Amino acid sequence: MSRLTRQAASGAASGASAAVDPSLLSTAELRQALPLVTTRGLRVAYESGPNVLDGVDLDLFPGEMVALLGSSGSGKSTLMRSLTGFAPVTGGQVRVAGHDVTNLRRGELRTLRSEVGQVFQQFNLIGRMSVLTNVLTGALHGAGPINLAYGFTSAHRGRALELLDRVGIAHKAKDQARSLSGGQQQRVAIARALMQQPKLILADEPVASLDPKLADSVLELLREIAVQDGIPVLVSLHVLPLALAHTDRIVGLRHGEMIVSGRTSDLDAAQLAPLYADDADDTDDADADAAAHTAPVSAQASAPGSAPAGLARQEVA
Ligand SMILES: Nc1ncnc2c1ncn2[C@@H]1O[C@H](COP(=O)(O)OP(=O)(O)O)[C@@H](O)[C@H]1O
Ligand SMILES: [Mg+2]
């Protein structure tokens, strides 16, 4: 990223007026400098329950891999769902790839969803179908029933094979998806997401079912995609060392509020500890499990909901 682009990016992220006259930037630089995702004051509540997201301000820029951290129930999946119009937003703004997500007609919503690749903990493949067919289904996003009737073109097949090659499992193309290992299945799911030519990738706990070595390689692949394809990748994780090793930026939720936002290189486990601090309300086992998977969390817990010292909300782009 050029100096000018960096200036523009930091201006956009802090909400300050642009530090650089946009007319000085090329189109490519402008694309890099503008966030693809912006939420402001985002609130979500299910039915008449309490807010499960409360005032979340998030920016995601092209080419960056961002970790989303927080205990079980802190709102990570809900935040991801709100970016594709699947969460009941009760306040604030959500913009993704130029769409005003809280205000979309059905056709526009379908377009938005076709532009967002998703990767899940359980891979969500069709186990009895071939690896190649699973990847091809990525091309169905945004296609209406008429398109389906014509099946896949040879161009689709060529692209699916290229993507399988890119994720390192072209030799498995004809195998049944369920015959692959977990790590391989997640690579198929990533290839399927890429088949959509996504503008954004949301990966919700993508390595929670994988052993540590495979987790590293899958996260490395996702980061490579962010950089090479120039798209943001938002990845929720519950193992702190993985977030520290593989992401450019970390945002952290606690009880639906974003209490951590910073460059990964500026953060350490102690600064992230408040995300997992004990709380009288947090009694479910999943939280204990999440804390157990973190790096040494030795810092004193700060008051619930407070940001750790030096980590003001939205402090760093
Ligand atoms: N469909 C739903 N209906 C009602 N409450 C929900 C629903 N989905 C999530 N929640 C609640 O919203 C909160 C945040 O959940 P979630 O976003 O799944 O957290 P995380 O992904 O961080 O574990 C939790 O209290 C959860 O119980
Ligand atoms: Mg979740």
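**Reading a predicted model: helix 3, two sheets and ligand 1**

Helix 3 lies across strand 1, strand 2 and strand 4. Helix 3 runs at about 60° to strand 2. The model is predicted.

Q: What makes strand 2 and strand 5 the edge strands?
A: Four strands form an open sheet in the order 2-1-4-5. Strand 2 (51–60) and strand 5 (99–100) each pair on one side only. That is what an edge strand does here.

Q: How do you know that strand 1 and strand 4 pair?
A: Pairing needs at least two bridges. Six bridges join strand 1 (residues 37–45) to strand 4 (residues 89–96). Therefore the two strands pair. They run antiparallel. One bridge sets T38 against R95 in strand 4.

Q: What makes strand 9 and strand 10 a pair?
A: The cut-off is at least two bridges. Strand 9 (residues 249–254) and strand 10 are joined by six, so they count as a pair. G252 stands opposite V260 in strand 10. These strands belong to an open sheet in the order 6-7-8-3-9-10, with mixed pairing. Its edge strands are strand 6 (116–120) and strand 10 (257–263).

Q: Which strands of the order 6-7-8-3-9-10 does helix 3 lie across?
A: Helix 3 lies across strand 3, strand 6, strand 7, strand 8 and strand 9. It runs at about 155° to strand 7 (200–204).

Q: Why does the shell around ligand 1 count seven polar residues?
A: The shell includes G70, S72, G73, S74, G75, S77 and T78. Gly counts as polar, so the glycines join the others in that class. Two nonpolar residues and one charged residue complete the shell. Helix 3 (residues 76–83) gives the largest share, three residues.

Technical notes:
Residues are numbered from 1 along each chain as its sequence is written. Chains are lettered from A and ligands numbered from 1 in the order in which they are written. This is a predicted model: local features need pLDDT of at least 70, side-chain atom pairs count only at pLDDT 80 or more; totals for chains, interfaces and linings use all residues. A residue is near a molecule or strand if its C-beta atom, placed from the backbone, lies within 6 Å of it. Two residues are in contact if their C-beta atoms, placed from the backbone, lie within 7 Å. Axes are lines fitted to C-alpha atoms, for helices over the stretch in contact, and angles run from 0 to 180 degrees between N-to-C directions.
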